[in-house]
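Reader: Hey, could you walk me through this one? I'm new to reading structures.
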Amino acid sequence: MKFRIYRALARAVVLESIRRKDLWVVAILGFLILLASGALGFFGVQGLQLFAKDLAASVLSLFSAVVAVLTSCRLLPEEIKQRTLYPLLARPISRLDLLIGKLLGAVIVTWIAFLMLCALTAVALTTFHVQFEPIMIQYIIIKMMGLVVLCALSLTFSAYMTPQAAATMSIILAFGSGVIVRGLIMAYNGVGPATQWIYKLIAAALPQLGVFDLGGRAANIGWSPVSGAVVLQLFLYMATYTGAMVLIAWAKFRRQAV
Amino acid sequence: MANVPLVVGFACSLALAAGWNATNLRTVIDPPHPVAGLDVNDTSASASLLGQFRTNTSSWLWLRTDLYLHNGVELRPLTNSEKRAGMQGVGTSEKDLSKALNEDSVVTSIPSPHRDFRGWFGDLDRATAPYKAMKNHSHNNPEQAIPLFRLMTWIDPNFIEGWTVGSTVIARDRSNNGTEKAIQFLNEGLKQNPESISILNELAFTYITRKKDLHTAVQYLELSRVSAVKYRGTLRDDEKEEATQVYRWLGLCYRDLGEREKMIQAVQEGRSMFPDDAVLAILADQPPRILTDKGQAAWEKLRTDAAKGKTAQTEADAHNLN
Amino acid sequence: MPMINTGMDAAIQVTDLRVRYRTKKGSWQEAVKGLSFQVARGEVVGFLGPNGAGKSSTLKALMGFVQPSGGEAKVFGLEAGSLEAKSRMGYLPEVALYYPYLTPLETLRLYGELEGLKGKALQTEAETLLETVGLKAAMKKQNRSLSKGMLQRVGIAQSLLGNPELLVLDEVTSGLDPVGRKELRTILKDRQSKGATLFFSSHELSEVDMLCDRILLIHEGKLVEEREMHDLKDELRKYVLTYAGQNPDALLGQGWTVAQGQTFSKRFTTKAQLMAALEKVQAAGGTLVDVVAEEGSLEDYFIETVRRAA
């Protein structure tokens with residue numbers, strides 16, 4: 001029964017997104033990738049495979065994060081603003097169900113966009129004679145897990161702030177949390193025990209989106225796919241963090257006057 | 001939402017396209033006489049946003065190239081507090097190779113388990129990122145990066161380090177073919193940066209060390225000397241070092257070519273510009289123990305002739321006095 | 001004001017309800033201030049009040065969209081806003097906006113699935129409802145291409161999904177043309193005849209007049225009037241008695257006007273007064289010319305009541 005609710009809500013999000021031509025933007029971005037790769041190909045591809053793979057991973061990471069954030073951030077505020085929330089909430093569904101269904105929709109839209117970009121990037125990479133490697137499939141799967149976390153993060157921010165502020169915060173954390181954690185690591189030994197605990201808390205609370213990006217391993221030479229145990233741990237982390245984010249969003253949304 | 005990424009994407013692609021085509025704009029927006037070496041980039045960047053984009057792209061490529069050479073393992077410098085705490089860098093933890101590559105003061109950005117306070121998150125980070133413990137640190141063959149040097153100099157033809165370091169990497173192929181390719185690459189760079197001291201020096205150095213062609217080397221060094229004199233008032237520290245090299249090598253080349261007057265003139269000019277340079281001081285005073293036997297012999301002959309001349313002069317003076 | 005005891009099970013039971021909102025400046029503003037009323041099963045109750053009186057806030061509290069700051073609201077004895085309560089309700093929001101890129105059919109399918117309907121039964125019900133509200137031709141056009149009135153019809157159709165026992169309708173006739181209003185009345189009366197309870201707010205007093213069993217009138221968050229509709233109609237109705245005969249002043253008292261020659265008229269506010277006057281006229285030998293019942297203006301009543309409350 002619950003799954004039926006989530007599926008219905010998610011389908012509406014996806015249909016809206018497709019018909020609003022959001023994914024056209026992705027197609028345009030993908031076209032730019034092809035164009036850029038064509039330009040590089042014109043320059044000469046011999047020996048650029050490593051760079052092409054690295055660039056592809058970076059571009060995929062950037063574009064998919066933007067799609068995830070922009071799709072997720074506006075779902076809830078837009079429902080409230082356009083008052084489409086009323087007929088939804090008038091149904092026998094809880095607000096938590098609504099959040100989960102919306103998140104699922106955002107995740108599916110993001111996944112579609114990501115897979116479209118992957119397909120276009122794959123075409124671009126073939127012009128560079130990049131060979132297929134199993135780690136590329138693992139890269140895609142694990143990246144999709146990371147996008148779930150990012151969608152949940154953005155949705156949660158949007159429950160507490162304006163869509164613009166939520167998008168800004170999400171983008172900052174999407175691309176900055178790794179930098180912040182690296183900074184904490186560098187500063188850790190120079191601070192007192194109390195501050196070290198604060199550092200630990202900050203590092204644990206920040207979304208570890210970097211661990212879902214195997215781009216570095218996929219692009220460079222000779223790195224093997226990660227083990228099944230690591231994939232399982234990543235899945236658990238994704239589930240836990242996403243669950244926590246949804247609960248935090250629900251804490252605000254469940255009694256919010258609409 | 002539909003419009004935002006569209007606009008951003010369009011703007012980026014426009015900037016990208018414009019940046020790549022900005023070479024044509026340079027004659028319009030650059031100062032009439034591009035300054036030597038790295039200043040070219042700075043001047044261009046201040047003059048042109050498109051140039052800035054292009055410069056940033058090639059700088060990014062430069063950083064990525066460094067990363068590729070470490071096979072994706074990200075390194076960072078040790079902080080002062082880490083140095084004080086006695087932490088060792090990559091190079092000191094490995095036997096020979098890393099020391100040669102001068103990585104004593106860097107560590108992996110993702111810390112090793114014993115230095116990482118993050119526990120499970122750190123383990124995940126190490127498992128998913130291209131991470132190797134310091135003791136396993138290694139380097140990829142730099143020749144893999146040659147296309148990247150070509151790419152970064154294509155994107156930003158004024159990226160001097162791209163030309164010079166790129167040629168060094170190309171010249172790792174020690175065959176004639178490798179040398180010719182390195183020279184060809186540098187000449188492409190010279191066409192874009194005709195007054196670059198660094199590129200001219202690198203060309204000269206290649207002719208000296210690989211082709212033993214001191215005549216051609218001197219031609220490039222003389223051009224470099226012109227740049228050094230022309231921009232002597234505006235050279236940065238690193239460029240001053242390059243300019244110093246011009247006079248050192250000119251001195252050595254002229255010495256080995258047996259052109260004493262030119263050697264003295266070059267060394268004296270160098271000393272007037274860089275009076276504290278120890279190498280130039282030595283060159284002015286005694287024969288360096290480098291280069292060829294022929295050079296050594298030529299120097300000895302010069303010294304002997306000078307000594308003879310001095311003795312003759314002394315004898316004549318004494319005679320006159322008497 | 002005492003509550004009318006309908007003598008039936010309550011579909012809606014509101015007791016001392018209070019709803020407040022935080023203003024942009026951070027202070028609290030009370031929209032509903034201790035409202036109490038009851039709606040019996042099968043009743044059609046109009047919820048009236050001027051703009052800002054607290055009608056929508058009360059309806060939102062009934063749907064669980066806002067949490068009461070005091071008191072309670074129950075639907076079929078269940079906490080308002082609970083899943084069980086909502087599964088027995090249909091709701092039409094004041095401003096009907098639906099996903100612009102979905103079609104009315106997809107919109108109804110979405111809400112139907114959330115209602116627990118599925119498969120062919122859902123498809124059939126959605127199509128039937130859209131046909132009922134006059135959107136057969138537009139059921140596959142995207143909502144963004146529909147007019148305001150058509151969107152209101154989509155809203156009405158979605159509120160009827162799952163055959164709810166209680167319909168809560170906020171500004172039900174908003175955006176509808178006269179034909180649409182008539183069709184809506186037919187639909188709602190049909191639902192009522194099948195046992196549904198209707199609770200709706202409206203500014204269209206004529207609709208209230210034609211549909212309601214009872215009205216609740218609120219002002220500034222408080223209930224100021226609660227009336228059975230037929231009592232109110234009786235109360236508002238005026239009777240004009242016209243007779244021919246002698247000058248009434250001496251016989252029948254003051255207030256008569258000369259209609260024409262020896263014909264006199266007077267307006268009575270109650271039926272009892274009319275009957276008494278009629279007896280007197282007959283006793284005095286007057287000839288009855290005409291008795292006209294004038295329906296009173298609900299609008300005047302509304303304005304007067306609000307004015308009094310203010």
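The chat below goes through an interface, some aromatic rings and a few single residues.

Author: Sure. Keep in mind that this is a predicted model.

Reader: Ok, let's start with where chain C meets chain A. How many residues are in contact?

Author: On the chain C side there are 32 residues, and they are in contact with 31 residues of chain A.

Reader: And how much area is buried between chain C and chain A?

Author: About 3,000 Å², with carbon and sulfur atoms giving 58% of that. In chain C, the residues that lose the most area to chain A are F65(C), Y99(C) and L114(C), which together make up 24% of what that side buries.

Reader: Cool. What about charges, how many salt bridges are there between chain C and chain A?

Author: The count is four. In one salt bridge, the side chain of R7(A) meets that of E113(C), at 3.9 Å from N to O. Polar contacts were looked for too: the rule finds 17 residue pairs across the interface of chain C and chain A, with both residues at pLDDT 80 or more.

Reader: Which helices of chain C supply residues to that side?

Author: Helix 1 (55–63), helix 2 (83–86), helix 3 (104–115) and helix 5 (148–159) of chain C each supply at least two residues of the side touching chain A. The largest share comes from helix 3 of chain C, with six residues. Sorted by class, that side of chain C has 18 nonpolar, eight polar and six charged residues.

Reader: New topic: how many aromatic pairs are there over all chains?

Author: By the rule used here, 20. Take Y247(B) and F274(B): their ring centres are 6.4 Å apart and their planes are at 55°, so this pair counts as tilted.

Reader: Why tilted, though?

Author: Planes under 30 degrees apart would be stacked and over 60 edge-to-face, so a pair at 55° falls in the tilted group.

Reader: Got it. Where do Y247(B) and F274(B) sit in the chain?

Author: Y247(B) is in helix 14 (residues 237–257) of chain B, while F274(B) is in the loop between helix 15 (260–273) and helix 16 (278–285) of chain B. They are 27 residues apart, so the pair links distant parts of the chain.

Reader: Is Y247(B) buried or exposed?

Author: Y247(B) is buried, at a relative accessible area of 0%. F274(B) has 13% relative accessibility and counts as buried.

Reader: Which residues form an aromatic cluster?

Author: One cluster is formed by F212(A), Y237(A) and Y241(A) together with W120(B) and F121(B).

Reader: Now L117(A), what's around that one?

Author: L117(A) lies in helix 5 (residues 95–127) of chain A and counts as buried, at 0% relative accessibility. Leaving out residues up to four places away in sequence, L117(A) touches several others, among them V26(A), L29(A), I33(A) and F63(A). I33(A) is 84 residues from L117(A) in sequence, yet their C-alpha atoms are 8.8 Å apart in space.

Reader: And S201(C), where is that found?

Author: In strand 8 (residues 197–201) of chain C. S201(C) is buried too, with a relative accessible area of 0%. Including F47(C), K55(C), L59(C) and D170(C), its contacts are counted without residues up to four places away in sequence.

Reader: Last one: how many helices and strands does chain C have?

Author: Eleven helices and 14 strands. Of its 310 residues, 49% count as buried. Among contacts in chain C between residues at least 6 apart in sequence, 68% join residues at least 24 apart.

Technical notes:
Residues are numbered from 1 along each chain as its sequence is written. Chains are lettered from A and ligands numbered from 1 in the order in which they are written. This is a predicted model: local features need pLDDT of at least 70, side-chain atom pairs count only at pLDDT 80 or more; totals for chains, interfaces and linings use all residues. Side-chain values use heavy atoms; hydrogens and water are left out. Contact means heavy atoms within 4.5 Å. Buried area is the accessible area (1.4 Å probe) that two parts lose on being put together, summed over both. A polar contact is a pair of N or O atoms within 3.5 Å; within protein, one must be able to donate a hydrogen and the other to accept it, and residues adjacent in sequence count only if both atoms are side-chain atoms. Helices (H or I, at least four residues) and strands (E, at least two) are DSSP runs, numbered from the N terminus. Ala, Val, Leu, Ile, Met, Phe, Trp, Tyr, Cys and Pro count as nonpolar, Asp, Glu, Lys and Arg as charged, and the others, Gly among them, as polar. Rings of Phe, Tyr and Trp (its six-membered ring) pair if their centres lie within 6.5 Å; planes under 30 degrees apart count as stacked, over 60 as edge-to-face and the rest as tilted. Buried means under 20% relative accessible area, exposed over 50%, partly exposed in between (1.4 Å probe, protein chains only).
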